[in-house]
Structures are given as C-alpha cells and as structure tokens.
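Please look over the structure shown here before reading the report, which takes up a sheet, a pocket and some backbone angles.

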Amino acid sequence: MDNQTATQPNLAVGRYNYDEIDHGFLQERINQFRSQVERRLKGELSEEEFKPLRLMNGVYLQLHSYMLRVAIPYGILSSKMLRGLAYIARYYDRGYGHFTTRQNIQFHWTKLEEVPDILTHLASVEMHAIQTSGNCIRNVTSDEFAGLAQDELIDPRIYAEILRQWSTLHPEFAFLPRKFKIAISGSPNDRIAACFYDIGILARLDSQKKPVFEIWVGGGLGRIPVKGKLIRDDVAPESFLAYVEAILRVYNMYGARNNLYKSRIKILVQNMGIDAFREAVEKEYQVMDQEKFKLSPEIMEQINQRFGRPVLQDFPEATKILDQHRNENPEFNRWIKNNSHPHFHNDYFAVVIALKNIGETPGDITADQMDAVANLADQYSWGEIRVTHLQNIVFGHVRKDQLYKLWKELVKNDLASANQGLITDIICCPGMDYCALANARSISIAREIAKCFADIELQEKIGSIKIGIDGCINSCAHHHITNIGILGVDKKGEEFYQIKIGGSSYKDDAEIGSILGAALTAEQVIEAVKKMIDFYLDKREEKETFIDTYRRLGAAPFKEIVYAAA
Amino acid sequence: MAAETNALSEEKCHIITANRLSDGRVVWFTEQGYWSVLLEEAYIFSKEDMEKAMEQAQQDVEKQYVVGLYGVELKPTTRIPLTTRERIRAFGPSTHPEFNPRAIQEISTHG
C-alpha cells in the first residue's frame with residue numbers, strides 16, 4: 001500500500017531494531033550454546049550439568065520432544081520476524097507454532113541437535129530464546145494496544161525495551177531465587193493483569209497532570225495465587241528503572257532459596273507485609289546510586305531512535321467507507337464489532353486476529369498462516385504484528401477504509417474468527433498433550449467447549465466472558481483469574497478437572513476465583529460449563545455479563561446447578 | 001529374553017521408556033536392547049525383572065543415547081499404558097492423531 005510510510009523507513013515499526021552490539025552479543029551466545037550442545041551430545045556434559053544451560057536458552061524437554069520457547073519482547077513482531085518463525089515451523093518443527101499467554105511462541109517438536117541452527121536463524125531476524133526460562137527476569141510483556149490506545153499516557157514499549165536491555169545478563173539478577181515476570185502498560189486502564197505479576201506497571205496522571213508509573217508488586221498465580229500490592233503510585237518515568245532495580249535487589253536479598261514453593265516474590269511480600277517490604281525497597285532506593293539508573297532524555301532518545309514509527313495519514317473518507325462496507329456485509333460487520341479496538345487516530349482501528357477457530361487449538365498458528373499474516377501486515381499495518389497474552393494477534397494500525405479488504409484476505413486464510421472476547425476466545429495452555437508438568441489435557445477441553453458454543457449468535461448472546469483452561473497448577477492459562485477457570489488434576493493416572501468461578505484479571509475488579517466443588521471428569525466439566533451458561537442466561541438481568549450475574553448471585557446457585565445431577 | 005517370553009500376562013506389565021537425547025523423541029526399550037519409537041516394540045517385563053532391566057537400560061543413559069529413564073506400567077494383559085500421560089507419550093498428542101509415531105514411521109535408533 002502506498003500509504004505505509006514510516007518515520008525511519010529502514011527500521012521495523014513498533015519495536016527496537018538491533019544495532020551491531022545486539023547482533024554481536026547474540027552471535028556470541030549462540031556460539032557458546034552450540035559448543036555446549038556438542039559437548040552434551042558427545043557425553044562431555046551430563047544431563048544434570050546441561051539442563052540449566054539449555055533452559056537459559058529456552059530449551060525444555062517435554063513429553064514428546066524438546067520444546068523451544070522463543071521470546072517476543074513486549075509482544076511485537078515484524079513481518080520479517082514472523083516469516084523467520086514460519087521458516088522454523090516449516091523446516092525444523094512440524095509446521096506450526098503455539099503463542100503463549102506470556103507473548104512468547106513455542107515450537108513443540110524441535111531436535112536438540114538442530115537448536116543451535118534454529119537460534120542462528122532466529123538471530124538473523126533479531127530474535128532469541130534468552131530469558132524464556134530459568135530463575136531470571138523473563139521476557140517482559142506489555143499491552144497489545146501499546147502506542148495506539150486512546151487512553152495511553154506513556155509509550156510502554158520504550159520502557160519494556162529498557163527493561164529487556166537492563167535485565168539481559170544483569171550480573172546480580174542472573175540467578176534469582178525464582179523466575180521473575182514483569183508486565184508494563186502506559187495506560188491507566190489495565191490490559192496486562194498488572195496485579196498478578198511479580199511486578200506490574202501501569203501509568204496514571206499525577207496531581208500536576210504529569211504521567212507517572214504506579215507499581216504493583218508480589219502478584220502471581222500458580223500454586224498460591226496472590227493479588228499484588230501497590231508499592232508506589234508516583235514513580236517518575238526517569239526514576240522507573242532505579243525503582244525496579246531496588247525492588248529486585250530486595251527480592252534477591254531476602255527471597256527464599258531453600259524452598260521452591262516459597263521462593264517467589266509474592267511469598268516474600270506476604271511474609272514481610274507490604275509496608276515492611278516497601279520500607280526495605282525505599283531504603284535500598286535511597287542508598288543506591290540512582291544516577292546510574294536514571295533515564296535521561298538522551299538515553300530515552302537513543303532507544304526511541306531504534307524504533308520505527310508509522311506515519312499515520314488523515315483520510316477523512318475512511319470511516320464513511322468502513323460504514324458502507326459494514327452495511328453491505330453482516331459477517332464483516334460482526335468482525336468489526338467484536339474484533340476492533342479504537343485507535344488514537346480517528347481514521348484507524350486496531351484489529352484482533354483471533355487464533356480461536358472452533359475446534360482448533362487456542363494460540364496455534366501454522367507456518368502458512370504465519371506467512372499470510374506477515375504479508376497482510378506488510379500490506380495493511382506497516383509490517384507490524386502484535387501477539388497478545390490472550391493468544392491472539394493484533395494489527396495495530398489499519399486504516400478504516402482498508403479493513404474490508406484485509407478481512408476478505410483473513411477469511412481466505414481461515415483467520416477471520418469474529419469471537420474476540422466471547423466464550424470461544426478461550427485461553428489454554430498446551431496441557432498434557434505436550435507439557436511434562438501437566439496433569440491433564442487442556443486443549444481437548446477447550447476444543448469441546450468451543451464446539452458447544454460454536455453458534456456465533458449464541459456467543460454474542462452470552463456476551464463478554466473469559467474462560468481459562470490449565471493442565472496444571474502452574475496456571476499458564478490464568479485459570480485463577482478467568483470468569484470460569486478449569487484446572488486439570490490427576491487422580492491415579494486419570495484426568496479430572498476442577499472448576500473455579502468468579503475470577504477476574506484486571507486491576508479495577510481483579511479477583512481470584514473460588515473453587516466450585518469436587519473435580520469432574522472431562523465429559524462432566526464440559527456439561528458443567530454448559531449448565532452454568534444456561535443458568536446465567538436464564539437468571540441474568542439486563543446488560544449483565546456472566547461475571548456480573550455471578551457477583552450478584554454468588555457461587556452457591558452455580559454450584560447447585562453443576563453438582564445437582566453430577 | 002527370547003521372543004516367546006514377551007507374551008502378555010497378568011504378571012508382566014512393565015516396560016521401560018526414556019527420551020532420545022539427540023531429538024527428545026519418546027523411545028521404548030526393546031527385547032534386543034535398543035530403543036524404538038514404537039510402543040509395540042517395547043519389551044514387557046515382570047515387576048521382578050524390572051530392576052535388572054533398568055540397570056541394563058541405564059547404561060544407555062550413561063552412553064548418552066537417552067535421558068529421563070523410567071518404568072511404565074501397562075494395563076494388565078494389554079500393551080496400553082495404565083496412565084493417560086503415558087498413553088499420550090506413546091501415541092502422540094491427542095490433538096494431532098497424525099503425529100502418532102506409527103503414523104509417522106520414524107526409524108528406530110540403536111542404543
């Protein structure tokens with residue numbers, strides 16, 4: 001398209017573009033790992049010695065094969081990167097990849113002996129698998145609408161990139177008590193589940209109307225779900241990195257290292273209490289060399305210069321043309337209604353490409369679809385692709401008059417599901433079909449539930465609802481904080497499923513769900529979801545969503561309806 | 001371990017599994033002492049014989065052919081693993097029936 005002009009045409013839009021230092025660092029790291037793999041295959045390193053080394057490079061041994069988890073910093077890909085991932089899926093894996101709830105992508109069928117070559121290919125498109133495993137600061141996640149949201153106060157991608165550069169090979173934080181996850185948004189409205197991260201960062205306006213960060217700490221899911229605490233709500237952007245450093249120092253110093261289940265920062269904050277924890281952080285913050293971490297305008301500009309930006313053009317006819325297309329085509333109209341998001345520029349929309357086709361695996365994408373999305377991104381959204389923590393894809397800047405053409409192309413590629421935010425937009429971990437930690441399958445449950453609600457009109461009637469399905473208590477699919485959460489459990493080698501109800505992910509009404517009752521079989525849990533939805537449809541009052549009805553009525557009637565005949 | 005001794009019985013319901021080091025594929029310890037990606041080629045041991053068999057298989061861990069060695073129990077008188085997890089390991093992800101090792105016809109690697 002001729003309107004796809006970027007501020008710096010040689011730089012990919014929306015993300016940090018590597019310089020020579022970045023390329024050199026990755027090459028050095030790959031050479032190191034190649035040598036480690038060779039030594040392992042020759043038997044010079046035992047599995048015990050090798051395991052931490054492979055994990056530092058994103059390589060897990062799962063049920064069927066080695067899995068490679070590739071980082072997508074703050075969830076943003078260029079079309080070149082996505083084509084690189086398609087190549088890996090096609091030539092090193094089995095033709096597909098799986099987007100995770102932490103904005104990473106996983107390849108489930110890699111061979112250890114080929115991983116160094118895969119990493120070399122990744123590096124050629126400015127990607128890597130560092131910080132996707134181990135007790136380090138993991139890949140930083142962000143708002144999928146960063147840089148375009150109408151409510152945005154600060155562009156979080158610059159800060160996420162600073163966190164990435166700061167945390168990569170940070171000498172003090174390479175071996176933390178446990179893994180550490182940070183999410184950041186530049187908006188006051190939480191779209192990142194800020195209260196459920198080790199550190200969750202949102203922006204707000206202070207009393208002087210200046211943007212500042214509010215920082216949540218000690219949240220998390222897993223075996224012990226905890227809603228984080230607000231540690232500071234007035235961190236100036238230039239002091240942001242110093243304050244995060246101070247938090248990490250306190251965690252590194254006091255976090256438990258002798259008990260895997262007590263080693264996350266959430267336990268430390270719980271044990272100390274937020275006031276004492278805050279006091280310890282403030283003390284560290286006051287004595288540390290703050291100047292060293294100060295984000296001066298020069299540093300910010302240096303990072304900013306490595307980001308390409310789209311030059312958005314006014315096109316006054318855009319909305320009129322979009323409306324005309326919407327009137328002419330009800331399916332397109334439905335897709336726009338459910339899958340679009342407002343853009344700060346009135347002539348543009350962001351659109352969600354849902355990877356949630358009925359009966360398919362949530363978050364999976366084939367190599368052919370990756371190539372198709374990359375081509376469409378080049379045509380319609382400056383070659384920029386965003387991956388969401390809800391396992392979908394976003395095109396950030398599509399001019400409204402172009403949306404109909406884009407949608408028709410998505411239909412051809414089986415990528416036009418209009419179910420974003422509806423009951424079939426299920427979050428789902430790989431579960432026991434792949435994962436060595438899982439107790440039960442999750443994908444099969446997600447597929448069956450989606451089939452039960454395949455009728456899009458029924459989905460729209462049900463309205464906004466979030467279902468998360470996990471194969472184990474690690475909670476990659478956020479079952480604790482989805483409206484209906486399903487957790488796979490093992491009973492003597494057979495799969496059962498526990499239901500949680502009433503969870504909610506985002507700051508204003510963040511809540512951990514309650515266990516509904518005894519675990520059910522796979523067939524029973526699918527029936528249970530159907531019964532709960534039927535009950536909700538019967539009992540809801542005007543404009544109530546599922547969570548509204550649950551909050552009004554409480555868990556008891558849902559429990560009764562599920563277990564009465566079970 | 002003669003072939004005729006590999007018959008199914010109430011007593012013999014244990015097999016040995018691991019992942020192949022080079023590519024991570026699920027493999028099963030066979031009568032001939034090599035590792036096969038096909039469950040039907042796994043040798044079935046009695047509980048009493050497992051200790052000795054595991055010792056033998058362990059040599060292949062030390063030789064770096066396989067990792068993560070352990071025993072798997074079968075449903076009595078069948079070649080089907082007792083737990084869902086092991087059935088998934090044996091037959092591939094239930095979401096991708098085309099990835100069943102038999103369907104893929106991967107070649108066994110000698111251990």
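The sections below describe a mixed sheet with a helix across part of it, and then two residues with positive phi.

## Basis of the model

This is a predicted model, in which local features need pLDDT of at least 70 and side-chain atom pairs count only at pLDDT 80 or more, while totals for chains, interfaces and linings use all residues. Residues are numbered from 1 along each chain as its sequence is written, chains are lettered from A and ligands numbered from 1 in the order in which they are written, and side-chain values use heavy atoms, with hydrogens and water left out.

## The five-stranded sheet

In chain A, an open sheet of mixed pairing is formed by five strands in the order β6-β7-β8-β9-β10, where strands are DSSP runs of E with at least two residues and helices are runs of H or I with at least four, numbered from the N terminus. Its edge strands, each pairing on one side only, are β6 (141–142) and β10 (229–235) of chain A; two strands pair if DSSP finds at least two bridges between them.

Strand β9 (residues 211–217) of chain A runs antiparallel to β10(A) and is joined to it by four bridges, and A:Val217 has A:Lys229 as its bridge partner in β10(A).

## Two positive phi values

Most residues other than glycine have a negative phi. A:Gln391, in the loop between β14 (384–387) and β15 (393–399) of chain A, has a positive phi near 65°, and at 1% relative accessibility A:Gln391 counts as buried.

A:Lys543, in the loop between α17 (522–539) and α18 (546–553) of chain A, also has a phi near 65°, but A:Lys543 is exposed, with a relative accessible area of 77%. Buried means under 20% relative accessible area and exposed over 50%, with partly exposed in between (1.4 Å probe, protein chains only).

Methods. Contact = heavy atoms within 4.5 Å. Axes fitted to C-alpha atoms, helices over the stretch in contact; angles between N-to-C directions.
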